[in-house]
Amino acid sequence: MNRILLPFVFITLTACENFLIKEEPPNNQLNNFEIFWNDFDQHYSGFIVRDINWDSVRQASIAKIETGLSEKEFFEMMKNITLYFKDGHVGLKTSYERVFYDSSNPNSINFIQSFSAYIENFKHVNEAISYGTIKSENIGYIKISTFTPTLSLSDFEVIDKVLSNLSTTEGIIVDLRSNSGGEFAHHHAVLSRFIDKQLVSMKLQSRNGPNHDDFGPYIEGVISPQGPYQYVNPVVILTNRRTASASELFTMALKDLENITVIGDTTAGSIGYFIGRELPNGWVYSITTALTSDRNGISYEGMGIPPDEVVWISKADSINGIDTQLEKAIDWLEE
């Protein structure tokens, strides 16, 4: 089994690849679709875990194209195919709109907008990180809204200052709800402050053959403690269905440690690595080419990471600003 430090896994596997062709391909609906379909057929990693019948998609789509479609109708067909994957890493960007799968729980978004009833000394460090303490409790609260690549690594390394200010707390709540992910190195910077020893945080398999179940050997991602201070007191991670990608990697790496509990809703289940492509008509799409699993070889792709304790926020509580998930996290840390 191969082992490699996680930053290098990311650089190797998420760098955009050029779709190399010798001649300018014909720009018509059938050829654009065939390029799209064949690329997924040869490289997409989630056919088996998502139970997708790709051959039937091809047959139905070609039949529609042959009847004669307007450009908008062709877009709607490609949009529906993109959403059929139910994969947050499969997307389509066109002049009409940007298409991506919304993994929200249809019954409850499981997130409220204001935490003022629960948090004191609340500080917005930057676009990604806010923190404070739970009122009348020796419990810290850190909200990580995004791991977006539009911010710099230093924007996430401020976690050292945050943890220093919360170092005397008995526990911390890390709120990853509705954090849709982003840059690997950014999630890595925060994650490495919550471990006190080197560990395997994930395993990765890349699609490497023509069959939908052809995969290469596992590559292990190894992560080590970083920063001047590691927080190893009890931690609760809050998740919902919009906790995705890098946020899921964060949760997956920590979830089975003794001091960690995950509370809330199941995550999005979009944890694989993806690359970008461009069609002859200028539309850009993304394709997941590798699957990830936890250190025990369990994959949550297409299913999401289940919390240790399932807690939903009812519509009535949401309207009234009552965060039952956060309240459960406080209760757990009090115990």
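This report walks through the sheet, the salt bridges, a charged surface patch and two backbone oddities of the structure above. Keep in mind that this is a predicted model.

**The sheet and its strand E10**

Let's start with the sheet. Seven strands form an open sheet, and reading across it the order is E4-E5-E6-E7-E10-E11-E14, with mixed pairing. Strand E4 (119-124) and E14 sit at the edges with a single partner strand each, so one side of each has no neighbour in the sheet. As a reminder, strands of a sheet pair through backbone hydrogen bonds, and they can do so either parallel or antiparallel.

Strand E10 (residues 235-239) is a good place to zoom in. On one flank, E10 pairs with strand E7 (residues 171-175) in the parallel sense, over four bridges. On the other flank comes strand E11 (residues 260-264), which runs parallel to E10 and is joined to it by five bridges. If you want to check the register by eye, look at Ile237 in E10: Val174 stands opposite it, and so does Val262 in E11. Another handle is Val236, whose bridge partner in E11 is Thr261.

How covered is E10? Five of its five residues are buried, so to speak of the strand as mostly covered is fair. The side chains split by direction: Val235, Ile237 and Thr239 point one way, while Val236 and Leu238 point the other way, and all are buried. Take Val235, which lies in strand E10: its relative accessibility is 1%, and it counts as buried because the cut-off is under 20%. Val235 also has a partner from further along the chain, Asn259: the two are 24 residues apart in sequence, yet their C-alpha atoms are separated by 6.1 Å.

**Salt bridges**

How many salt bridges does the structure hold? The count is 14. Here are three of them, with N to O distances.

| Acidic residue | Basic residue | N to O distance |
|---|---|---|
| Glu97 | Lys79 | 3.3 Å |
| Asp323 | Arg177 | 2.8 Å |
| Asp294 | Lys255 | 3.2 Å |

The side chains of Glu97 and Lys79 meet in the salt bridge at 3.3 Å. This pair links distant parts of the chain, 18 residues apart: Glu97 is in the loop between strand E2 (92-93) and strand E3 (98-99), and Lys79 is in helix H5 (residues 71-84). Glu97 has 32% relative accessibility, so it counts as partly exposed.

Next up, the side chains of Asp323 and Arg177 meet at 2.8 Å. Here the partners are 146 residues apart, with Asp323 in the loop between helix H10 (315-319) and H11 and Arg177 in the loop between E7 and helix H8 (184-191). Both Asp323 and Arg177 are buried. There is more to this spot: a network of salt bridges links Lys143, Asp175, Arg177 and Asp323.

The third pair is Asp294 with Lys255, at 3.2 Å. Asp294 lies in the loop between strand E13 (284-293) and strand E14 (309-310), and Lys255 in the loop between helix H9 (246-254) and E11, so the salt bridge ties together parts that are 39 residues apart in sequence. Asp294 and Lys255 are buried as well.

**A negative patch on the surface**

Out on the surface, a patch of negative charge gathers Glu327, Asp331, Glu334 and Glu335. Glu327 belongs to helix H11 (residues 324-334). Its relative accessibility is 30%, which means that Glu327 counts as partly exposed.

**Two positive phi angles**

Finally, a quick look at the backbone. Most residues other than glycine have a negative phi. Which residues here go the other way? Lys86 is not a glycine, yet has a positive phi of about 50°; Lys86 is placed in the loop between H5 and E2. Ser245, also not a glycine, has a positive phi of about 60°. Ser245 is found in the loop between E10 and H9, and it counts as buried because its relative accessible area is 12%.

How values were computed
Residues numbered from 1 in each chain as written. Predicted model: local features only at pLDDT ≥ 70, side-chain atom pairs only at ≥ 80, totals over all residues. Heavy atoms only, no water. Patch = residues over 30% accessible without salt bridge, like charges linked within 9 Å, V, L, I, M, F, W, Y side chains within 5 Å. Areas by Shrake-Rupley, 256 points an atom, 1.4 Å probe, with all protein chains shown as cover. Salt bridge = Lys/Arg side-chain N within 4 Å of Asp/Glu carboxyl O. Lys, Arg positive; Asp, Glu negative; His and termini not counted. Charge placed at Lys NZ, Arg CZ, Asp CG, Glu CD. Buried < 20%, exposed > 50% of the residue type's maximum accessible area, 1.4 Å probe, protein only. Pairing = 2+ DSSP bridges.
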